[in-house]
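Me: Could you take a close look at one helix in this model for me, and at the charged pairs that go with it? I would like one connected account.

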Amino acid sequence: MNFFGTDGIRGKYNDFLTNGIAYALGKVIAHENEECMVVIGRDTRESGEELATALAQGVFDNGGEVINMGIVPTNAVAHYVLKVGADYGVMISASHNPPEYNGLKVFDRYGVKICEKKQIEFSEKIAEQNVSFNVSEVSLPIFADGIDDYEKYLEKKINYDFKGLKIALDCCYGSAYKIAEEVFARLNARVVAYCNFNKGKLINVDCGATETTFLERRMKENGCELGFAFDGDADRLAVFEGRTVLPPDRVFFAFAKYFYECGQLNRNTVVGTILTNSGLEKSLKKIGIDLERTDVGDSKIYEKMLKESYVLGGENSGHYLLGEYATGSDAVLNALLVAKIYCEKGSILEYTADYKPYFSLNENFVVDDETAKALRADKRLFSDMKNSFYSRYPTLRLVARISGTEPKIRLFVEGKNQRMVADGMEYLTQLAEGFVSSV
């Protein structure tokens, strides 16, 4: 069994994800190296502290040590692994998922999410242990200097005076609830912050990067020029200019154009995924930038970036990887860079006027756990559905895949004609219903 999905081990706490799994993971990690050092961070979820304790106990029981950063964004863990030369890092978070979920994202000594081969190896060893674990009174003091170091790292990377800029932040009661506001304020921005408390019960609930209507309503009344919404572990970003929510691919276009104008794009190429809008690809091509695609997942993007020495990658989910700045998607860092582009270039909407997207629709089709497992084990099961779709809509582009973190089939249809895209999605949904019943 592979415990890892698209982005770590993730599931409902005390259902799929338990303290026993966290403890087993800690033991497996610590067994990798003598005197293993592991950096641990988490978001605000109530289950996070118990999972951190279980994970740490597993590390301790196999002779390792931990640095507990407490509540921090995901990239703070990756950053500090590199900073102190740790062997591994683990971020305890279910990202944009509801409060009852949690997860374990594992980073190697280079601050990069572990590869698929290592995921399978760890999964086999976790399954062998078949442990249960009751959380004891293990003391995990928070290494506060690490949080301060991370904030200084963000400031130094952007190095810009935002005096006079008024921004709004939706911190979604998540891991950026304090850090995001502090960093922008230290760079002299005027900040209006929402959902900026440590309230794990409310993390991602009707707010944050995946529920943009919350900040959209407040942008109508707060007079802010820019707005940024984060998800639970602050690796996903939604961007607002005034009352307008910018599509993620448009933000990616802004990053690509800015780096291109600064002469920072290696071979004038950026990395997207199979879900990156084809209109974005053509818009980039018109200004001299090529796009290469990978499977979904920021780890897949970063793997491609490392292999080809590219400096920019992104997903239409709001994850952006700035290779010269970080080893993963850091929403706080990305927000700072958007603000810098705005101050230097003016309106992001005007700066990205050359972006011409195709029409697209996304749907999530819920399946049972057994069907999800079957689809993850054999991706060829989608073939018949895809063939039927393309025989009827040959000019549209379809992506049908099983989620790596939830029991859902994710459907994506794209094309130049809005009506045809809508018809195609309706037909695809019908196909999916019949497809699921036959699996």
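Reply: Happily; here is a walk from helix α3 to the salt bridges and on to a surface patch.

A word on the basis comes before the details: this is a predicted model, in which local features need pLDDT of at least 70, side-chain atom pairs count only at pLDDT 80 or more, and totals for chains, interfaces and linings use all residues. Residues are numbered from 1 along each chain as its sequence is written, and side-chain values use heavy atoms, with hydrogens and water left out.

Let us start with the helix. Helices are DSSP runs of H or I with at least four residues, strands are runs of E with at least two, and both are numbered from the N terminus. Helix α3 covers residues 74–84 and is mostly covered, since eight of its eleven residues are buried (buried means under 20% relative accessible area, exposed over 50%, partly exposed in between, with a 1.4 Å probe and protein chains only). The buried ones are Thr74, Asn75, Ala76, Val77, Ala78, His79, Tyr80 and Val81. They pack against β3 (37–42), β4 (65–71), β5 (88–92), β6 and α5.

Now to the end of the helix. Valine 84 lies in α3 and counts as partly exposed because its relative accessibility is 36%. Leaving aside neighbours within four places in sequence, valine 84 is in contact (heavy atoms within 4.5 Å) with Val39 and Ile67. Its C-alpha is 9.7 Å from that of arginine 109, 25 residues away in sequence. Glycine 85 follows the helix, with a positive phi near 70 degrees.

The charged pairs come next. Side chains of opposite charge can pair when their charged atoms come close. The model has 26 salt bridges, each a side-chain nitrogen of Lys or Arg within 4 Å of a carboxyl oxygen of Asp or Glu. Lysine 83 bridges to aspartate 149, with the closest N and O atoms 3.3 Å apart. Because lysine 83 sits in α3 and aspartate 149 in helix α5 (residues 144–158), this pair ties together parts that are 66 residues apart in sequence. Aspartate 149 is buried, at a relative accessible area of 18%.

Another bridge joins lysine 105 and aspartate 233, whose closest N and O atoms are 2.5 Å apart. This pair links distant parts of the chain, 128 residues apart: lysine 105 is in strand β6 (residues 101–107), and aspartate 233 is in the loop between β9 (226–230) and β10 (237–241). Lysine 105 counts as buried at 1% relative accessibility, and aspartate 233 counts as buried at 0%. Salt bridges that share partners join Asp7, Arg10, Lys105, Lys113, Asp233, Asp235 and Asp298 into one network. Elsewhere, arginine 45 pairs with aspartate 43, the closest N and O atoms being 2.8 Å apart, and both residues are buried.

Finally, a look at the surface. Lysine 356 lies in the loop between α12 (348–351) and β16 (359–366) and is exposed, with a relative accessible area of 55%. In helix α12, tyrosine 351 counts as buried at 8% relative accessibility. Beyond its neighbours within four places in sequence, tyrosine 351 is in contact with Phe253, Ala254, Lys257, Tyr258, Glu261, Ile341 and Lys345. The C-alpha atoms of tyrosine 351 and lysine 257 are separated by 8.8 Å, although the two residues are 94 apart along the chain.
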